[in-house]
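Could you walk me through a protein model, feature by feature? I would like to learn how to read each one.

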Amino acid sequence: MYRGGSECEAGEYERVDGDNMVILRDLSIYWSMLHILLVFILLFRPRYSRKKTILATGSCMGVLMVLNGAGLAVFGFEVLAQVFMLTCTVPSFILFYVLSADRNFKFLFSFCMADTSCLWLMAVTNLLDYFLGDGNYTLMFVSRLIAFPLLEYLIWRYLRKPYLELQNVVEKGWGIFSGMTMLYYLLLAITVQYPVNIVYRVEDIFQCILILILMMFNYATIFTSLYRQLMLYRKQQSERILEEQKSMLKAQLENQQRIRRMKHDMKGYSATLLGLLAEGKMREAVVYLKGVETEMDTLEGEFCANPYINAVFVQYSRRLEELGTECTMDIQAGEEELPYMELCQILSNGLENACDALGKLDLKQREIFVEMKYNRNHLIIRIRNRCREDLHVDKGNIPATDKTEPGHGFGLSTIQTAAGRLGGDMMCYTQDGNFVLEVIVSLVSLQERSIS
């Protein structure tokens, strides 16, 4: 036998027979609340370090759950259910908004998706317990005990990595998805809870079930769209990488051809020098030798020992020279055994972005400093170039591209991905009118990649 007067976030109901087992219902609610937080943590990108994020989340949400528990004990289940969004949803939204690296529709979509997914599970398990339970909330408790960890495993195993990658590379379209998700959250909450609990509106149960099924198809549509965007990004990124490799190999080939020509010309240089020395023309020989040295410098081929990495420096040093840029390079690394594929991607994308930025400045403002060196157990790549005055980037953020042409807007994300494959990290920021790109990679990771 059932009696009314009790609503909650997922449409819980209270039974006369089995009141002594109401503790299972309350425990299942707290279990659900905890896992709503865990689901969201799996999906969002924190603004701060993992330790700081976990500490802030645990302390704030712990206090929030204690307060909600006290409210449940003092005011009762019916009162707390009516103000649940104010006592739990809104405070958690504010907390995670502060902690999130994305303070836009990306964050709203992730928050609403986590809440709606968990609310969907709570509603389904509640209806299952209503129709199939034995009246003491056992089925509700057991099903939630299994369902939420299973959901988190599926998110961790299949969704988290591509979803975080999407947040890094896709800037547009999140507003539509977040709007759809927010409306579904409100629709589900209202359908299950108002004007009274769905289990006391038998005529609306079929409608509620249809909404639950429709939500599954809706999320399938959303994730299919996001997956296609991810596949498009990966395709464009692969095309960009292939183009970079083509340019890199072309630059290396040109450099090798110039070296071969220089070796061929050395015979002529030697003959000329021998003739000048034989005639006792020492001054002329010195002048001629300096000319040969200048010609050798035009090879621009000795930035580092690795021919692939060196080819990137060769290519972009020429471009920077054509731009009239005051260029300073401090290259103290680049051995043959380095994993050149990822390092070439990092350097070429970083220097390409620098060239684009410098090309928009006045000639007298064009300055760049490129550094690649070892610092204890790390390889550090730092590119610092002048940028426009109105550009402001905080550490930890990735600025969105202002280019509209296809194939652009992947430079920094490509660098971040390449650094991640090497077990490193990327950081960019503005400082004193300069845009600074820093990539730090562990030497242990570099050695392991080289061996493999």
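The dialogue below goes from the overall picture to single residues.

Q: Let's start broadly. How many helices and strands are there in the protein?
A: Happy to begin there. This is a predicted model, and it holds 13 helices and seven strands. The protein has 452 residues, of which 45% count as buried. Its accessible surface comes to about 24,000 Å², with 62% of that belonging to carbon and sulfur atoms.

Q: What share of the contacts with a separation of 6 or more comes from residues 24 or more positions apart?
A: A contact here means heavy atoms within 4.5 Å. In the protein, residues 24 or more positions apart account for 75% of the contacts counted from a separation of 6 upward.

Q: Now the strands. In what order do the five strands of the open sheet lie?
A: The order across the sheet is 3-4-5-7-6, and the pairing is mixed. Strand 3 (326-331) and strand 6 (425-431) are the edges: each has a single partner strand, so one side of each is left without a neighbour in the sheet. From one strand to the next, the twist averages 10 degrees.

Q: How do the side chains of a regular strand sit relative to the two faces of a sheet?
A: As a general idea, side chains in a regular strand alternate between the two faces of the sheet.

Q: Which way do strand 3 and strand 4 run, parallel or antiparallel?
A: They run parallel, joined by six bridges, with strand 4 covering residues 367-375. For a landmark, look at Glu 326, which stands opposite Glu 367 in strand 4. Helix 10 (residues 307-322) lies across strand 3 and strand 4, at about 165 degrees to strand 3.

Q: And which way does strand 7 run relative to strand 5, parallel or antiparallel?
A: Strand 5 (residues 378-386) and strand 7 run antiparallel and share nine bridges. One bridge partner to find is Val 436 in strand 7, which pairs with Arg 384. Strand 6 also pairs with strand 7 in the antiparallel sense, over seven bridges. There, Met 427 has Glu 438 of strand 7 as its bridge partner.

Q: Is strand 7 largely enclosed or largely open, and why?
A: Burial is judged by relative accessible area, with a cut-off of under 20%. Eight of the nine residues of strand 7 (residues 434-442) are buried, so strand 7 is largely enclosed by the rest of the structure.

Q: What should I look for in the hairpin of strand 6 and strand 7?
A: Two residues sit between the strands, and Asp 432 takes a positive phi near 55 degrees. That is a positive value in a residue other than glycine. At 70% relative accessibility, Asp 432 counts as exposed.

Q: Where does Tyr 137 lie, and is Tyr 137 buried or exposed?
A: Tyr 137 is in the loop between helix 5 (105-132) and helix 6 (138-169). Its phi is near 65 degrees, again positive in a residue other than glycine. With 0% relative accessibility, Tyr 137 counts as buried.

Q: On to helices. How far apart are the end C-alpha atoms of helix 11?
A: A handy check is to compare the end-to-end distance with the expected span. At 1.5 Å a residue, the 20 residues of helix 11 (residues 340-359) should span 28 Å, and the end C-alpha atoms are 27 Å apart, which agrees. Helix 11 is also largely enclosed by the rest of the structure, because 14 of its 20 residues are buried.

Q: At what angle do helix 2 and helix 4 pack?
A: Helix 2 (residues 50-75) and helix 4 (residues 84-99) pack at about 170 degrees, with axes 11 Å apart. That makes helix 2 roughly antiparallel to helix 4. Residues making the contact include Thr 57, Cys 60 and Leu 64 of helix 2 and Pro 91, Leu 95 and Phe 96 of helix 4.

Q: Is Thr 57 buried or exposed?
A: Thr 57 is buried, with a relative accessible area of 7%. Beyond its neighbours within four places in sequence, Thr 57 touches several residues, among them Ile 41, Leu 95 and Leu 99.

Q: Which residues is Ser 32 in contact with, leaving aside its neighbours within four places in sequence?
A: They are Met 122, Arg 144 and Phe 148. Ser 32 belongs to helix 1 (residues 22-43), and at 0% relative accessibility Ser 32 counts as buried.

Methods:
Residues numbered from 1 in each chain as written. Predicted model: local features only at pLDDT ≥ 70, side-chain atom pairs only at ≥ 80, totals over all residues. Heavy atoms only, no water. Helix = DSSP H or I, 4+ residues; strand = E, 2+ residues; numbered from the N terminus. Expected span 1.5 Å × (residues − 1). Buried < 20%, exposed > 50% of the residue type's maximum accessible area, 1.4 Å probe, protein only. Pairing = 2+ DSSP bridges. Axes fitted to C-alpha atoms, helices over the stretch in contact; angles between N-to-C directions. Areas by Shrake-Rupley, 256 points an atom, 1.4 Å probe, with all protein chains shown as cover. Parallel < 35°, antiparallel > 145°, perpendicular 65-115°, else oblique.
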